[in-house]
Protein chains: 2
Amino acid sequence: MNDEIRRSMPLFPIGIVKSLTDLSARQIRYYEEHGLINPARSEGNRRQFSFNDVDRLLEIKSLIEKGVNLAGIKQVLSMKEVPENREVEQSKVEEIHNELSEKELRRMLQQELFNAGRHGKSSLRQGELSRFFH
Amino acid sequence: MNDEIRRSMPLFPIGIVKSLTDLSARQIRYYEEHGLINPARSEGNRRQFSFNDVDRLLEIKSLIEKGVNLAGIKQVLSMKEVPENREVEQSKVEEIHNELSEKELRRMLQQELFNAGRHGKSSLRQGELSRFFH
DNA sequence: CAACGGATGTGAGGAAATATAACATGAAAT
DNA sequence: ATTTCATGTTATATTTCCTCACATCCGTTG
């Protein structure tokens, strides 16, 4: 449900994404420039990548390594887009983004994560936050 | 298994952690100064927080809100440390950190994430990377 | 072959995020 | 009334990231 929200939560700076994907900053920015990814931005205009973004970049990298060019990748990725409830999800996200300010959204997510982590947990070993990224 | 590795992978800058935990940067740094957390550092000396770190901060925050002071929190947290295979886990992590350079470790993790995400996956919806953070 | 466009590297210049350190402050403890 | 704890605030330095421009390599095409 809010899985999509969690997965699209802006978390990582480009430096981390670089090491996670082994792509250069130049490449990442270039792919964004050509619409393959669409990371969020901080107030100060810095890119903030979500899990979805990183997933997508790994997918892109894999295709690049197979010799697929950007146009081809664009095709492949667009085909992977869920055919069902596409507009539904889309509108849901937009709804949230329009009705709530960025700050409010962030706070909401944080609250959700926090509360969920609060109960039914006895050992730190089990973890709190990370449980909600699966 | 490598769960602990994933959970302790340095990912977030302090700004994100602030919004995730609703703690001030001052607080976060203060808690580190007093040994409650121990985030990794980038080459350029910036703090890099893992899921474990964020979990811990949420735990700390919860205790703070209950009126527990730092000494008390230190106690509580130390008690949560797994009594079993403590040294085992510890030594395992240290082993990795000693035998492999930071860069190699990072690359290894990235590889693992990447490869695991590569197979048995047909829809982007399912996600690749995020599956490995649970 | 020469020219062109796609994909990436590199460097300049500037802005944002973070680091440490020092001092300020309110509340709690002594 | 002091002292200590936990946090805020401000100043200054560094690192990371931004955009933009130009260079380079390479495959495709006229």
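Trainee: Of the atoms of DNA strand D within 4 Å of the protein, what percentage belongs to sugar or phosphate?
Mentor: In this predicted model, sugar or phosphate accounts for 72% of those atoms, and bases make up the rest.

Trainee: Which residues come nearest to DNA strand D?
Mentor: There are 19 residues around DNA strand D, and A:Arg46, A:Arg47, B:Ser24, B:Arg26 and B:Leu70 come nearest.

Trainee: What does B:Ser24 do there, in terms of distance to a phosphate oxygen?
Mentor: A polar atom in the side chain of B:Ser24 is 2.5 Å from a phosphate oxygen of DNA strand D. For B:Gln27, a polar side-chain atom is 2.9 Å from a phosphate oxygen of this strand. B:Leu70 has a polar backbone atom 2.8 Å from a phosphate oxygen of the strand.

Trainee: Which elements give two or more residues to the surface near DNA strand D?
Mentor: They are helix H2 (14-21) of chain A and helix H3 (25-33) of chain B. H3(B) gives the largest share, four residues.

Trainee: Turning to DNA strand C, which residues are the closest?
Mentor: DNA strand C is surrounded by 19 residues, of which A:Ser24, A:Arg26, B:Gly15, B:Arg46 and B:Arg47 are the closest.

Trainee: Where does B:Gly15 approach a phosphate oxygen, through backbone or side chain?
Mentor: Through the backbone: a polar backbone atom of B:Gly15 is 2.8 Å from a phosphate oxygen of DNA strand C. The side chain of A:Tyr31 has an N or O atom 3.0 Å from a phosphate oxygen of that strand.

Trainee: How many residues of each class form the surface near DNA strand C?
Mentor: That surface has six nonpolar, seven polar and six charged residues.

Note on methods
Residues numbered from 1 in each chain as written. Chains lettered and ligands numbered in written order. Predicted model: local features only at pLDDT ≥ 70, side-chain atom pairs only at ≥ 80, totals over all residues. Heavy atoms only, no water. Near = heavy atom within 4 Å. Polar contact = N/O pair within 3.5 Å; in protein donor to acceptor, adjacent residues only side chain to side chain. Nonpolar A, V, L, I, M, F, W, Y, C, P; charged D, E, K, R; others polar.
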